[in-house]
Amino acid sequence: SVAFQNDGKIIVAGNNNNDIVLVRYNIDGKIDNTFGNNGIEVTNLGGSTDIGASLVILPDNKIIVGGYSGNYPKYYFALARFNPYGKLDSSFGENGKTITSIGTISDAGRSIALQSDGKIIVAGYSNSSSNSIFALIRYNDDGSLDSSFDSDGKVTTTIGIANSIIRTIAIQSDEKIIVSGYSYSKSSFDYEVVVARYNKNGSLDNSFGNGGIITTDNLNGNDYGESILIQKDKKILVAGYS
């Protein structure tokens, strides 16, 4: 994942040896040695596997990374905030990080979005059985769970007859939440692209699609939604593969 700071410097988040890695580049593409350890910051969140799947930059240039952390086969939603110079921000969550469980088997955050009020939404999937379902968690700007989102900060949605996974999230100008990914369909018996829209409180928006959900089967075979963009005219663009 990649994002720009206010001064045009570029932050890239990824992974190395199952630790989260942040790298900052100057606007000319050279590594910024004032960031982290000579431009690179490697962070272990406490699990044997820590994945930084998505990042956003705050107006004060602090960096929020969302993903998952844990020990195989049990993983949890993970969120961490870094100071502009690349070190964990101890004022966020517990020593700069927050780890959250939803299901009884495993969970994973895959995409992160920032609301205009500073609240943070991490979207991915949760698993309490042999199949995964859509999952979202909303945090306050200090890393605590936002109880005004559903009733405990967590929302899950069962869609198909088997695995359903959110891969990407975007926030509309009216603060409604759009997610996309894929789900195994009971009608076509393959994976279909799914787009779902939630109200700000975490409930599905029944004015969108069928009860807040749209599924699209493009071809004979599996279809996957991987990235989403809301256009200026409020139309929704989903890219993936089929």
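Visitor: Which residue in strand 7 is the bridge partner of Tyr-68?

Guide: This is a predicted model, and in it the bridge partner of Tyr-68 in strand 7 is Phe-77. Strand 6 and strand 7 run antiparallel and are joined by nine bridges.

Visitor: And what joins strand 6 to strand 7 along the chain?

Guide: A hairpin does that, and the chain passes through two residues on its way from strand 6 to strand 7.

Visitor: What about the other pairing, how many bridges link strand 7 and strand 8?

Guide: Strand 7 pairs with strand 8, which covers residues 97-100, in the antiparallel sense over four bridges. If you look for Ala-78 in the structure, you will find that Ile-99 in strand 8 stands opposite.

Visitor: Why is strand 7 described as largely enclosed?

Guide: Strand 7, residues 74-82, has nine residues, and eight of the nine are buried, so the strand is largely enclosed by the rest of the structure. Buried here means a relative accessible area under 20%.

Visitor: Let's go to the start of the chain. What is the strand order in the sheet with strand 1?

Guide: That open sheet has four strands in the order 1-2-3-4, and their pairing is antiparallel. Strand 1 (2-4) and strand 4 stand at the edges with a single partner strand each, so each of them has one side left without a neighbour in the sheet. From one strand to the next, the twist averages 20 degrees.

Visitor: How many bridges join strand 1 to strand 2?

Guide: Three bridges join strand 1 to strand 2, which is made of residues 10-16, and these two strands run antiparallel. To follow one pair by eye, start at Val-2, whose bridge partner in strand 2 is Val-12.

Visitor: Where does Asp-32 lie, and is that residue buried or exposed?

Guide: Asp-32 lies in the loop between strand 3 and strand 4, and with a relative accessible area of 3% this residue is buried. Leaving aside the neighbours within four places in sequence, Asp-32 is in contact with Lys-9, Arg-24, Tyr-25, Asn-26, Asn-38 and Gly-39.

Visitor: And what about Ile-31, where does that one lie?

Guide: Ile-31 lies in the loop between strand 3 (19-25) and strand 4 (40-43). Ile-31 is partly exposed, with a relative accessible area of 36%, whereas Asp-32 is buried. Together with Ile-40 and Val-42, Ile-31 forms a nonpolar patch on the surface, and the three have about 220 Å² of accessible area together.

Visitor: Changing topic, which residues does Asn-61 contact, apart from its neighbours within four places in sequence?

Guide: Those contacts are with Gln-5, Asn-6 and Pro-84. Asn-61 has its place in the loop between strand 5 (49-57) and strand 6 (63-71), and the residue is buried, with a relative accessible area of 16%.

Visitor: How far apart are Asn-61 and Lys-119 in space?

Guide: From C-alpha to C-alpha they are 16 Å apart, while in sequence they are 58 residues apart.

Visitor: Last one: which strands stand at the edges of the sheet with the order 9-10-11-12?

Guide: That is an open sheet of four strands with antiparallel pairing. Strand 9 (106-114) and strand 12 (154-157) stand at its edges, and each has a single partner strand, so one side of each is left without a neighbour in the sheet. Neighbouring strands of this sheet are turned by 25 degrees against each other on average, direction ignored. Strand 12 pairs with strand 11 (residues 132-139) over four bridges, and in strand 12 the bridge partner of Ile-137 is Lys-154.

Notes
Residues numbered from 1 in each chain as written. Predicted model: local features only at pLDDT ≥ 70, side-chain atom pairs only at ≥ 80, totals over all residues. Heavy atoms only, no water. Patch = residues over 30% accessible without salt bridge, like charges linked within 9 Å, V, L, I, M, F, W, Y side chains within 5 Å. Areas by Shrake-Rupley, 256 points an atom, 1.4 Å probe, with all protein chains shown as cover. Salt bridge = Lys/Arg side-chain N within 4 Å of Asp/Glu carboxyl O. Buried < 20%, exposed > 50% of the residue type's maximum accessible area, 1.4 Å probe, protein only. Pairing = 2+ DSSP bridges. Axes fitted to C-alpha atoms, helices over the stretch in contact; angles between N-to-C directions. Contact = heavy atoms within 4.5 Å.
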